[in-house]
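Biologist: Let us go through this one label by label. For each label I will ask what earns it.

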Amino acid sequence: VEIKRKGLKKGLALVLAPHRSEASWEKYIRCVNESLKEAGAEEISYEYLKPWHENPGFIGAQTEEAQKILQNLSPEDKKGLHVIFCAHSIPVEMSERSHYAQEFQTSALLIARELGLSSWKIAYQSRSGNLRQPWLEPDLRSLFEKVKSEGGTGVMIVPVGFWCDNVEVLFDLDIEAKLEAEKKDLKFWRVPTVANNPRFTGMFSDLIQNQLK
């Protein structure tokens, strides 16, 4: 309503989700369209920034945050370390409609290459909803047993599916996942999210400026 009152006709919107799904991307666009109808402002049109899951700014920022952890590890810790990239789990059917899993795996692959990793794993976390419905797997915490069986002594979690420290990071990773790792006698490191990394914030500045041109 306020935008209509000001007489503005066009807008540029940014969906703050690294990987697209109905819940993390399309739903927000649908809510904007519904709000325009409710406000009687359907003459206002919005453009949306393109997906950024493989943008060098995002990949570079997450790589830098992971490198900060790796640089401080002892040779012994590095030897037994398993790197695990994680994202929020969603229903398999939803993922297939939006290519969510593929976008997540692409992000993980690009970061792993930048880090020079010869091996790494992907996992999902924070599952909710109908337990009978298939969701993306493997679950992060259940993966720790596999790490242990392969001779691992520690895990470094890269929360590439999250750009800021929300509850799925601060609780599901820093508390629950850490406790599960400790039960398996695994050392635990969690890589920071990219919200405060200049390469990440600079990426949005560049994307917005390019779109406006």
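Modeller: Start with a pocket. The second largest one is lined by Leu 81, His 82, Val 83, Gly 116, Leu 117, Ser 118, Ser 119, Trp 120 and Lys 121. Bear in mind that this is a predicted model.

Biologist: What makes a residue part of the lining of the second largest pocket?

Modeller: Distance decides. A lining residue has an atom within 4 Å of a pocket point. Trp 120 and Lys 121 are among those that pass. The volume of this second largest pocket is about 180 Å³. Strand S3 gives the largest share of its lining, 3 residues.

Biologist: How does the lining of the second largest pocket divide by class?

Modeller: Into 4 nonpolar, 4 polar and 1 charged. Lys counts as charged, so Lys 121 belongs in that class. Gly goes with the polar class by convention, so Gly 116 is placed there.

Biologist: And what is the volume of the largest pocket?

Modeller: About 450 Å³. It is lined by 22 residues, and the closest to its centre are Ala 23, Ser 24, His 88, Tyr 100 and Phe 162. By class, the lining has 13 nonpolar, 8 polar and 1 charged. Helix H2 (residues 22-38) supplies the largest share, 3 residues.

Biologist: Now the rings. How many aromatic pairs are there?

Modeller: Two rings pair if their centres lie within 6.5 Å. By that rule the count is 8.

Biologist: Why is the pair of Phe 85 and Trp 120 called edge-to-face?

Modeller: Set the values against the cut-offs. The ring centres are 5.5 Å apart, and the limit is 6.5 Å, so Phe 85 and Trp 120 pair. Their planes meet at 85 degrees, and the label needs over 60, so the pair is edge-to-face. The two rings come from distant parts of the chain, 35 residues apart. Phe 85 sits in strand S3 (residues 81-88), Trp 120 in the loop between helix H6 (100-115) and strand S4 (121-125).

Biologist: How do you know whether Phe 85 is buried or exposed?

Modeller: Buried means under 20% relative accessible area. Phe 85 is at 0%, so it counts as buried. Trp 120 has 30%. That value falls between 20% and 50%, so Trp 120 is partly exposed.

Biologist: What kind of pair do Phe 104 and Tyr 124 make?

Modeller: Their ring centres are 5.3 Å apart and their planes stand at 65 degrees. The cut-off is over 60, so this pair too is edge-to-face. Phe 104 lies in helix H6 and Tyr 124 in strand S4, so the pair ties together parts that are 20 residues apart in sequence. Both Phe 104 and Tyr 124 are buried.

Biologist: Which rings form a cluster?

Modeller: Trp 52, Phe 58, Trp 163, Phe 200 and Phe 204, linked by ring pairs.

Biologist: On to the strands. What makes S1 and S2 a pair?

Modeller: Two strands pair if there are at least two bridges between them. S1 and strand S2 (residues 45-48) have 4, in the parallel sense, so the label holds. Gly 11 stands opposite Tyr 46 in S2. Gly 11 is also on the covered face of S1 (residues 10-13) with Ala 13, while Lys 10 and Leu 12 are on the uncovered one.

Biologist: What unit do S1, H2 and S2 make?

Modeller: A right-handed β-α-β unit. With the strands pointing away from the viewer, a right-handed path runs clockwise from the first strand over the helix to the second.

Biologist: How many bridges join S5 to S6?

Modeller: There are 4, and the two strands run parallel. Met 156 has Trp 189 of S6 as its bridge partner. Along S6 (residues 187-190) the side chains alternate. Phe 188 and Arg 190 point to one face and are buried, whereas Lys 187 and Trp 189 point to the other and are not.

Biologist: Last, the backbone. Where is the cis peptide bond?

Modeller: Between Glu 137 and Pro 138, with omega about 10 degrees. Pro 138 is in the loop between S4 and helix H7 (140-149). Ser 126 lies in that loop as well. Its phi is near 60 degrees, a positive value in a residue other than glycine.

Biologist: Is Ser 126 buried or exposed?

Modeller: It is at 16%, under the 20% cut-off, so Ser 126 counts as buried. Asp 185 also has phi near 60 degrees. It is at 60% relative accessibility, over the 50% cut-off, so Asp 185 counts as exposed.

How values were computed: Residues numbered from 1 in each chain as written. Predicted model: local features only at pLDDT ≥ 70, side-chain atom pairs only at ≥ 80, totals over all residues. Heavy atoms only, no water. Phe/Tyr/Trp six-rings, centres within 6.5 Å; stacked < 30°, edge-to-face > 60°. Buried < 20%, exposed > 50% of the residue type's maximum accessible area, 1.4 Å probe, protein only. 1 Å grid on protein atoms, 1.4 Å probe; cavity = no way out; pocket = protein on both sides within 12 Å on 5 of 7 lines; lining within 4 Å. Points joined across faces, edges and corners; volume = space filled by probe spheres on them.
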